[in-house]
Amino acid sequence: MSKKVKDFGIEKTLKNLGIKDENKGTSTGGKYFATGKTIESYSPVDGNLIAKVKTSGESDYNKVIESAEKAFKEFRLIPAPKRGEMVRQLGQKLRQYKNDLGKLVSYEMGKSLQEGLGEVQEMIDICDFAVGVSRQLHGYTMHSERPGHRMYEQYHPLGIVGIITAFNFPVAVWSWNTALAWICGNVTIWKPSEKTPLCAIACQNIMNEVLKENNLSEGISSVLVADHEIGQRLVDDKRVALISFTGSTRVGRMVSANVAQRFGKSILELGGNNAIIITQDADINMSIIGAVFGAVGTAGQRCTSTRRLIIHESVYDEVKNRLVKAYGQLKIGNPLDETNHVGPLIDADAVNMYQEAIKKGKKEGAKFIVEGEVLKGKGYESGCYVKPCIAEVKNSYEIVQHETFAPILYLIKYKTLEEAIAIQNDVPQGLSSAIMTQNLREAELFLSHAGSDCGIANVNIGTSGAEIGGAFGGEKETGGGRESGSDVWKYYMRRQTNTINYTTNLPLAQGIKFDL
Ligand code: UN1
């Protein structure tokens with residue numbers, strides 16, 4: 001390990017989180033099986049090898065599933081508030097490990113340390129939330145049309161929940177799913193991105209402590225560091241009741257079809273193409289901060305990243321000039337150094353996609369007012385650092401219709417709010433959206449049924465940084481799934497309607513007579 005890495009205390013962080021030079025990536029609770037190929041995790045921060053991970057083979061997969069099936073039989077019998085207590089303890093452990101886990105997220109994934117810590121905070125928050133929900137898994141009681149009958153509904157656990165996550169939120173998305181899945185009585189199997197396996201191993205190590213201290217079955221929490229073929233097995237496996245998939249629309253489309261084919265349930269969190277509308281009544285200072293953070297935060301690799309700004313013609317030049325100035329002040333560099341605003345992209349493929357998108361945009365007519373560039377030289381040795389850029393475009397350009405996971409911001413001019421809303425909605429994706437305005441009429445129109453068609457619609461807030469208390473997810477090609485807050489727990493349970501007759505007669509519903 002290089003000296004530079006030591007300077008940021010990464011070695012100690014890895015040790016604290018139980019990450020070794022060579023790790024077994026597949027485990028069910030504290031039991032490890034990993035007979036597959038070995039992969040290596042390199043940091044996009046400095047290009048160094050962080051550690052090696054042995055992945056899942058065929059037999060490992062079956063062992064994990066069998067262990068999960070066994071654990072489910074016991075876990076579902078534990079009362080929900082007691083399961084909540086397990087999640088409460090996980091939240092406590094996460095508080096304890098917050099600095100280390102946040103730093104590992106930053107080092108393995110490349111987001112700023114503040115954002116890494118923020119991601120762990122989201123994990124803590126969802127644990128707190130889930131503890132409360134564990135006492136509120138309630139259904140309705142209905143009045144029966146028959147005398148002496150009672151009718152109500154209740155929610156039961158599903159079984160095994162498979163969680164497939166992306167590299168960009170390498171720890172939080174696991175916790176949004178697991179915290180709820182567990183309080184609902186399910187067991188979980190996590191297939192993390194192969195780009196961030198160490199974050200997954202660290203989370204599992206933390207959860208193992210909770211399982212061990214409470215003498216709980218190992219199969220409650222499993223992790224499969226594995227390639228897409230094992231991921232496909234999970235998707236196709238009838239024993240896995242729910243697949244929660246976060247990733248691209250392209251892969252999500254296949255996951256959705258495959259899970260539906262076997263009548264499994266799925267939660268899909270796919271691509272976004274999020275816009276902020278900046279109206280003539282916007283607070284321009286707030287708009288600039290919201291837009292810049294939305295576009296360059298996590299180097300444009302959030303599914304909620306701001307990709308388009310739809311700006312009223314009367315403030316267009318002012319917004320444009322101020323953005324150019326703000327971009328000129330951005331510091332790009334090691335994300336562990338808190339003076340930097342923008343860290344690296346995840347890997348060389350991501351850098352290629354950024355370059356391709358710029359090329360394609362230019363071909364279609366995009367006018368770059370802040371040029372993009374792959375940075376070279378001291379501090380940029382990993383080859384993953386790129387310059388956030390801005391282009392003036394038409395919404396109809398193919399590249400603008402497409403989600404590029406990179407800090408490329410598109411500017412579009414509008415005349416009327418109706419036109420702006422139409423532009424905002426005129427993309428295949430429907431995750432997050434925002435309007436910057438101090439005008440109540442504009443805000444309400446944007447939020448109305450004639451307004452944004454996205455799962456998330458904000459006023460005077462950017463498109464990213466959603467709180468865990470609300471349901472998170474989007475419409476159209478974003479997949480329709482919802483995760484984390486509100487009543488999302490219902491996705492992790494099966495609903496059962498119960499009708500009880502406490503009379504000595506057997507009256508039939510709908511007045512049907514059946515005399516013997
Ligand atoms: C994602 O990019 O996959 O709203 C999730 C946000 C974060 C979650 C993003 N709370 O930006």
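**Salt bridges, an open sheet and its helices**

The side chains of R95 and D128 come together in a salt bridge, with 2.9 Å from N to O. The model is a predicted one, and this pair is a handy place to start reading it. The two partners belong to distant parts of the chain: R95 sits in helix α4 (residues 80-109), D128 sits in helix α5 (residues 113-133), and 33 residues separate them. Are these two residues buried, exposed or partly exposed? R95 has a relative accessible area of 37%, so R95 is partly exposed. D128, at 40%, is partly exposed as well. As general background, side chains of opposite charge can pair when their charged atoms come close.

Helix α5 also takes part in a second salt bridge, through E115. Here the partner is R302, and the closest N and O atoms are 2.9 Å apart. Which parts of the chain does this pair tie together? E115 lies in helix α5, whereas R302 lies in the loop between α10 (284-296) and β14, so the salt bridge joins parts that are 187 residues apart in sequence. With a relative accessible area of 12%, E115 falls under the 20% limit and is therefore buried. R302 counts as buried too, because its relative accessibility is 10% and the limit is 20%.

A third pair is made by K195 and D347, whose side chains meet in a salt bridge of 3.1 Å, N to O. K195 is found in the loop between β9 (187-191) and α7 (197-213), and D347 in the loop between α11 and α12, so parts 152 residues apart in sequence are tied together. The two partners can be looked at one by one: K195 is partly exposed at 34% relative accessibility, while D347 is buried, with a relative accessible area of 18%. Salt bridges can also join into a network, as they do for K37, E194 and D227. In total, the structure holds 23 salt bridges.

Attention now turns to the strands. An open sheet is formed by 7 strands, which follow the order β15-β16-β17-β14-β13-β19-β20, and their pairing is mixed. Which strands stand at the edges? They are β15 (367-370) and β20 (456-459); each has a single partner strand, so one side of each is left without a neighbour in the sheet. On average, neighbouring strands of this sheet are turned by 25° against each other, direction ignored. Within the sheet, strand β14 (residues 306-312) pairs with strand β17 (residues 408-414) in the parallel sense, over 5 bridges. In this pairing, L309 of β14 stands opposite L411 in β17.

Helices lie across these strands. Helix α11 (residues 316-328) lies across β13 (274-278), β14, β15, β16 (389-392) and β17, and runs at about 165° to β17. Helix α12 (residues 348-364) lies across β15, β16 and β17, and its angle to β17 is about 30°.

Helices pack against one another as well. Helix α14 (residues 417-425) and helix α15 (residues 440-447) do so at an angle of about 35°, and their axes are 11 Å apart. The crossing of α14 past α15 is right-handed. Which residues make the contact? From α14 come L417, E418 and I421, and from α15 come E442, L445 and F446. Sorted by class, this contact has 4 nonpolar residues, 2 charged residues and no polar ones.

Note on methods:
Residues are numbered from 1 along each chain as its sequence is written. This is a predicted model: local features need pLDDT of at least 70, side-chain atom pairs count only at pLDDT 80 or more; totals for chains, interfaces and linings use all residues. Side-chain values use heavy atoms; hydrogens and water are left out. Two strands pair if DSSP finds at least two bridges between them. Helices (H or I, at least four residues) and strands (E, at least two) are DSSP runs, numbered from the N terminus. Axes are lines fitted to C-alpha atoms, for helices over the stretch in contact, and angles run from 0 to 180 degrees between N-to-C directions. Contact means heavy atoms within 4.5 Å. A crossing is left-handed if the near helix is turned anticlockwise from the far one by less than a right angle, and right-handed if clockwise. Ala, Val, Leu, Ile, Met, Phe, Trp, Tyr, Cys and Pro count as nonpolar, Asp, Glu, Lys and Arg as charged, and the others, Gly among them, as polar. A salt bridge is a side-chain nitrogen of Lys or Arg within 4 Å of a carboxyl oxygen of Asp or Glu. Buried means under 20% relative accessible area, exposed over 50%, partly exposed in between (1.4 Å probe, protein chains only).
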